[in-house]
Amino acid sequence: MEIFNSMTRRKEEFVPIEEGKVKMYACGPTVYNLIHVGNARPIILFDVLRRYFEYRGYEVTFVQNFTDVDDKIIKRANEEGITAQEVAEKYIQEYFTDAKGLGVRPATIHPKATETMDEIINLVQTLIDKGYAYPVPSGDVYYRTLKFKGYGKLSHQPIEDLMSGARIDVNDEKENPLDFALWKAAKPGEPYWESPWGKGRPGWHIECSAMNRKFMGNTIDIHCGGEDLQFPHHENEIAQSEAANGEPFAHYWMHNGFLNIDNKKMSKSLGNFFTVRDAAAAYGYEPIRFFMLSAHYRTPLNYSRESLEQAQAALERLYTAKDNLSFLSQNGAEGGPNAAEQAVLDQADSFRERFDAAMDDDFNTADAVSVLFEVVRAANKAVSENATKAGAAALLKLVLEFTDVLGLLYGKEEESLDEKVEALIAQRQQARKDRNWAEADRIRDELKAMGITLMDTKQGVQWKKD
Ligand code: AMP
Ligand code: ZN
């Protein structure tokens, strides 16, 4: 398996720290708002990455944080007249609603900054003790950037360039403009925690270093995030973790490219964003997921009505194939597989090899999706005449192997059952109106066979699954 490592800027063979295990971390959202479609790109891609490692037999520890204390959260809380914690809790729930809709499984651990305070304070103290950080009279603590020899190594920026580009701000407490805050003294009315440097709260970068160390140790396998996090966020994480732990922080760095709109990065600050909630209302959640998989994760991807409609249509083809194979596995000829079906089943290993080869090549989901469609086309063709129950069932299983790794075809299960049941109930009501008792009984039996029991109540017909 090869991964493009942003640190070395080349594809490298993936060698885990511990055989059969992967420790991966993705920087998660700051919870003050609904996520937008740009934010969904890393969330979906790193979910696929994790699923693929699991499919290849790895045991994965996947940590994704929630930044639940920050200027934007505090601002929002003041606007709404509620506490910062209430804002954060609300948007964490909203995050899970969208993640579930997008078919994204919860991470192994979702730590929150506010629940990692002891570790954060400890880490800051370690950095001070080692001479990598200094408190100032106002109660802030800064990282002494120039002392860390590798600063700039991830984003490939020589320290001189960073120095000349650094913004000189009015804060004259810093020794150097490149120094960044590890701890911020509390301003009046802000949430705060007690620390050796007075009341305050952590800077943004330090939480990721503290969480990595807390849940996965000094060195992890893969650190992920959007391209925009390389500098300064990830550069600062490296400086903090490596200075404190004296060991490499992450073996591989993976960064997704931007989701653009009219060739500009979709972002809150530019105001050119669509929330996942709104996009899902317009197109459905699953087409958004499919759309993200249709391009390689490092290339820019343009969000447009056409691209979402294409994703909808492609998904529809997958669902049609699934429904058809599923129907034939119940209603096809007895026995099987027949020769045509067997011919496709005989190619299963070669399809798997090509699918794996695509994913092994730096997670090329676009090529993996192409292989999936080849499998679907071959299966459709094989069952177009004289399909057998066993042949259709085996082909369905094969298709689902690939969609499971990509986390597709999760969307319609409940919905289609509901729709089917409601439609049958309506037909039965009509039959009863027509006094066609035999037909009404037949429909009741059909529902019974599906495991559905009808209850005639004052509010009308209700149903439940057995
Ligand atoms: P933010 O809300 O800016 O803190 O971003 C949260 C996550 O979404 C980070 O991993 C960002 O890199 C990522 N992200 C934000 N905007 C985009 C975008 N337009 N395309 C891809 N990733 C993005
Ligand atoms: Zn981070």
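A residue counts as buried when its relative accessible area is under 20%, and as exposed when that area is over 50%. The exercises below concern a predicted model.

**Exercise 1. Zinc site**

Identify the protein donors of the zinc ion (ligand 2) and state which geometry class their angles give.

Solution.
Step 1. The protein donors of the zinc ion are Cys 27 through SG, Cys 208 through SG, His 233 through NE2 and Glu 237 through OE. Their distances from the ion run from 2.1 to 2.3 Å.
Step 2. Along the chain these donors have the spacing C-x180-C-x24-H-x3-E.
Step 3. Four donors count as tetrahedral if all angles lie between 85 and 135 degrees. For comparison, the ideal angle for four tetrahedral donors is 109.5 degrees.
Step 4. The angles subtended by the four donor atoms span 79 to 128°, so the arrangement is irregular.

**Exercise 2. Two of the donors**

Place Cys 208 and His 233 in the secondary structure, and decide for each whether it is buried or exposed.

Solution.
Step 1. Cys 208 belongs to helix α6, residues 204-216, while His 233 belongs to helix α7, residues 230-245. The pair therefore ties together parts that are 25 residues apart in sequence.
Step 2. The relative accessible area of Cys 208 is 0%, so Cys 208 is buried.
Step 3. For His 233 the value is 1%, so His 233 is buried.

**Exercise 3. Surroundings of ligand 1**

Describe the shell around ligand 1, list polar contacts to the backbone, and state how much of the ligand's area the protein buries.

Solution.
Step 1. The shell has 13 residues, and the closest are Gly 38, Gly 226, Asp 228, Leu 259 and Met 266.
Step 2. Helix α1, residues 37-55, supplies the largest share of this shell, with three residues.
Step 3. A nitrogen atom of ligand 1 lies 3.2 Å from a polar backbone atom of Gly 38. At Gly 226, a polar backbone atom is 3.2 Å from an oxygen atom of the ligand. At Met 266, a polar backbone atom is 2.8 Å from a nitrogen atom of the ligand.
Step 4. Ligand 1 taken alone exposes 480 Å², and the protein buries 85% of that area.

**Exercise 4. Backbone geometry**

Locate the cis peptide bonds before Pro 232 and Pro 337, then examine the phi values of Asn 263 and Phe 363.

Solution.
Step 1. As background, most residues other than glycine have a negative phi, and most peptide bonds are trans.
Step 2. Phe 231 and Pro 232 are joined by a cis bond with omega about 0°. Pro 232 sits in helix α7.
Step 3. The bond from Gly 336 to Pro 337 is also cis, with omega near 0°. Pro 337 is in the loop between α10 (305-331) and α11 (339-346).
Step 4. Asn 263, not a glycine, has a positive phi of about 65°. This residue is in the loop between β11 (259-261) and β12 (264-265). With a relative accessible area of 65%, Asn 263 is exposed.
Step 5. Phe 363 has a positive phi near 55° and is found in the loop between α12 (348-360) and α13 (365-382). Its relative accessible area is 4%, so Phe 363 is buried.

**Exercise 5. Domains**

Give the domain bounds of the protein chain and the separation of the C-alpha centres of domain 1 and domain 3.

Solution.
Step 1. Domain 1 covers 2-256, domain 2 covers 305-406 and domain 3 covers 419-465.
Step 2. The C-alpha centres of domain 1 and domain 3 are 55 Å apart.

Conventions: Residues are numbered from 1 along each chain as its sequence is written. Chains are lettered from A and ligands numbered from 1 in the order in which they are written. This is a predicted model: local features need pLDDT of at least 70, side-chain atom pairs count only at pLDDT 80 or more; totals for chains, interfaces and linings use all residues. Side-chain values use heavy atoms; hydrogens and water are left out. Donors are N, O and S atoms within 2.8 Å of the metal (3.2 Å for Na, K and Ca); water is not among the atoms, so sites may look incomplete. Four donors count as tetrahedral if all angles lie between 85 and 135 degrees; four count as square planar and six as octahedral if opposite donors are over 155 degrees apart and all others between 65 and 115; anything else is irregular. Helices (H or I, at least four residues) and strands (E, at least two) are DSSP runs, numbered from the N terminus. Buried means under 20% relative accessible area, exposed over 50%, partly exposed in between (1.4 Å probe, protein chains only). Domain bounds come from an automatic or database domain assignment. A residue is near a molecule or strand if one of its heavy atoms lies within 4 Å of it. A polar contact is a pair of N or O atoms within 3.5 Å; within protein, one must be able to donate a hydrogen and the other to accept it, and residues adjacent in sequence count only if both atoms are side-chain atoms. Accessible areas come from the Shrake-Rupley method with a 1.4 Å probe; for residues, only the protein chains shown count as cover.
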